[in-house]
Amino acid sequence: MSRILFSIALLVAVVCCGSVQAQGFGRGPMGKGGGRGPDADHMADMQVFHFLLQNHDKIKRTVKKLDNGVETLTESDDPEVAKMIQKHVVQMTARIEKVSPIRMRDPLFAELFRNAKKVKIEYEDTSKGVLVTETSNDAYVVKLLQAHAEVVSKFVKNGFAEAMKTHPVPAK
Ligand code: HEM
């Protein structure tokens with residue numbers, strides 16, 4: 001039993017952080033903690049990712065590309081899943097605003113956090129989830145946002161199988 005629990009914990013760590021080594025953990029190379037361990041919010045954020053990936057087949061998502069970013073609508077008929085989507089967006093917006101990186105082993109996520117200061121996020125809760133607008137004045141960051149939105153859609157489609165993969169950075 002403890003072996004099974006350990007395996008689940010390891011899988012979640014790999015999916016969210018990219019590595020159980022210090023490099024991908026928490027603040028990572030860009031933050032103040034410099035790889036010394038997870039930041040304070042890390043465990044809470046991980047629980048939400050885990051829940052969303054586990055319930056990916058209950059989530060519906062549409063992405064509209066804008067000239068300067070994306071507009072995404074992510075919803076679920078299940079009220080608990082809807083609440084977790086809303087919570088995840090609050091948590092990830094805080095990470096972008098504080099430049100507190102996560103999933104640094106994945107090139108696309110690492111690059112997005114390197115450019116976090118050029119990202120503007122606005123969101124509003126809907127009755128079943130959340131409507132998010134992410135924009136930037138920088139054409140390259142717009143590409144990053146659009147690529148990231150596609151990856152989130154793949155998380156929704158494929159769950160953990162997608163989260164185990166890495167995702168390339170678009171050409172400048
Ligand atoms: C089924 C699973 C997931 C769902 C439904 C989901 C949903 C979302 C949504 C709605 C956003 C707002 C931006 C957008 O809509 O494109 C977002 C942003 C974000 N998500 Fe997730 N997510 C999932 C899994 C993950 C995982 C596994 C990670 C990383 C370990 C992650 C990391 C992030 C980050 C860093 C952002 C902020 C970056 C940004 O908004 O540009 N997400 N996610």
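## Strand pairing

In this predicted model, β1 and β2 run antiparallel and are joined by 8 bridges. One residue pair illustrates the register: K64 has E71, in β2, as its bridge partner.

## The sheet

Strands of a sheet pair through backbone hydrogen bonds, in either a parallel or an antiparallel manner. Here the pairing is antiparallel, and the 4 strands form an open sheet in the order β1-β2-β4-β3. β1 (59-66) and β3 (120-126) are the edge strands, each pairing on one side only. From one strand to the next, the twist averages 15 degrees.

## Helices packed on the sheet

Two helices that pack on the sheet are described here, α3 and α5. α3 touches β1, β2, β3 and β4, and its direction makes about 25 degrees with that of β4. α5 touches β1, β2 and β4. The direction of α5 makes about 165 degrees with that of β1.

## Surroundings of the ligand

The ligand is surrounded by 30 residues, of which L52, T72, M92, A149 and F155 are the closest. By class, the shell around the ligand consists of 22 nonpolar, 5 polar and 3 charged residues.

Both helices and strands contribute to this shell. At least two residues each come from the helices α1 (2-17), α2 (42-54), α3 (79-98), α4 (107-114) and α5 (139-158). The strands β2 (69-76) and β4 (129-135) likewise supply at least two residues each. Thus α3 both packs on the sheet and supplies residues to the shell around the ligand; α5 also packs on the sheet and supplies residues to that shell.

Definitions and conventions:
Residues are numbered from 1 along each chain as its sequence is written. This is a predicted model: local features need pLDDT of at least 70, side-chain atom pairs count only at pLDDT 80 or more; totals for chains, interfaces and linings use all residues. A residue is near a molecule or strand if its C-beta atom, placed from the backbone, lies within 6 Å of it. Ala, Val, Leu, Ile, Met, Phe, Trp, Tyr, Cys and Pro count as nonpolar, Asp, Glu, Lys and Arg as charged, and the others, Gly among them, as polar. Two strands pair if DSSP finds at least two bridges between them. Axes are lines fitted to C-alpha atoms, for helices over the stretch in contact, and angles run from 0 to 180 degrees between N-to-C directions. Two residues are in contact if their C-beta atoms, placed from the backbone, lie within 7 Å.
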